[in-house]
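Thanks for sharing this one. Here are a few notes to read alongside the coordinates.

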Amino acid sequence: MNQEKMRLLFVCLGNICRSPSAEAVMKKKIRDAGLADRIEVDSAGIANYHEGERADPRMRAHAARRGYCLESISRPMRPWDFRAFDLIIGMDDRNIDDLKRIAPDVDSEKKICRMMDFSRDKLYDYVPDPYYSGAEGFELVLDLLEEACDGLLAYCRKSLK
C-alpha cells in the first residue's frame with residue numbers, strides 16, 4: 001500500500017478513554033516525526049453512549065501528565081468511516097468483532113486491525129478498558145498506546161510514498 005496520505009481511525013467502545021488517547025498519542029508522534037501533512041488521525045466509538053462528550057476526565061488528566069491533549073469529542077462509528085479511512089484500529093477483540101459486524105463489505109473488513117498488532121513488545125494482545133479501574137489502568141493504557149503507536153508509525157512510514 002504505497003500512498004500519498006494515510007487516514008487512521010482508532011475505535012473503542014465509547015470513545016472516551018482508549019481511542020481518544022490513541023488519537024492524541026499518535027498525533028503527537030506524527031507531529032514529532034514531521035508527518036502531520038501525510039497522516040490524519042481520528043477516533044470513534046462502537047456505541048453512542050457518550051456522543052458529544054469530551055474524553056473521560058481521569059483519562060485526560062493522566063494523558064496531560066505525559067504531555068498529551070485529549071481534545072476530541074466522542075462520536076459513534078459512521079457507515080462512511082469505512083470509506084474515509086485507510087485503517088480502522090480497534091482496541092480489543094470485542095471492538096474488532098463489532099467492527100467486522102458493521103463493515104459494509106469485504107474491502108472494508110480488510111481495513112480493520114487490532115491496536116496491539118503494532119506492538120513490538122507483544123506483552124498484551126489488546127488495550128484493556130480502564131473505565132472501571134484506578135489510576136494504574138489509565139497509566140497502563142497510555143504505556144500500551146505509546147509503544148504500539150511507535151510500531152504503527154513505522155508501518156505508516158513504509159506505506160507512504
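1. Aromatic pairs. Searching the whole structure, which is a predicted model, turns up two aromatic pairs. In one of these, the ring centres of Tyr131 and Tyr132 are 4.8 Å apart with planes at 85°, so the arrangement is edge-to-face. Tyr131 is partly exposed, at 28% relative accessibility, whereas Tyr132 is exposed, with 79%.

2. Charges over rings. Tyr131 also has a charged neighbour worth a look: Arg58 lies over the face of its ring, at 5.2 Å from the centre. Arg7 sits over the face of Phe85, at 4.4 Å from that ring centre.

3. The largest pocket. Its volume is about 160 Å³. Tyr131 and Tyr132 turn up again here, among lining residues that also include Cys12, Cys17, Arg18, Tyr49, His50 and Asp129. By class, the lining consists of seven nonpolar, two polar and two charged residues.

4. Cysteines. How many disulfides does a search of the whole structure find? The count is zero. Take Cys17, which helps line the largest pocket: the closest cysteine sulfur, in Cys12, is 6.9 Å from its own, and a disulfide needs the two within 2.5 Å, so this pair is too far apart for a bond. Cys12 is a lining residue of that pocket too. Cys17 is buried, at 3% relative accessibility.

5. A second cysteine to check. For Cys149, the closest cysteine sulfur belongs to Cys156 at 9.3 Å, again too far for a bond. Cys149 is buried as well, with 0% relative accessibility.

Methods. Residues are numbered from 1 along each chain as its sequence is written. This is a predicted model: local features need pLDDT of at least 70, side-chain atom pairs count only at pLDDT 80 or more; totals for chains, interfaces and linings use all residues. Side-chain values use heavy atoms; hydrogens and water are left out. Rings of Phe, Tyr and Trp (its six-membered ring) pair if their centres lie within 6.5 Å; planes under 30 degrees apart count as stacked, over 60 as edge-to-face and the rest as tilted. Buried means under 20% relative accessible area, exposed over 50%, partly exposed in between (1.4 Å probe, protein chains only). A charge sits over a ring if NZ of Lys or CZ of Arg is within 6 Å of the ring centre and within 35 degrees of the ring normal. On a 1 Å grid over the protein atoms alone, a cavity is a set of points where a 1.4 Å probe fits but cannot get out, and a pocket is an open set with protein on both sides within 12 Å along at least five of seven lines; lining residues have an atom within 4 Å of a point. Grid points are joined across faces, edges and corners, and a volume is the space filled by probe spheres set on the points. Ala, Val, Leu, Ile, Met, Phe, Trp, Tyr, Cys and Pro count as nonpolar, Asp, Glu, Lys and Arg as charged, and the others, Gly among them, as polar.
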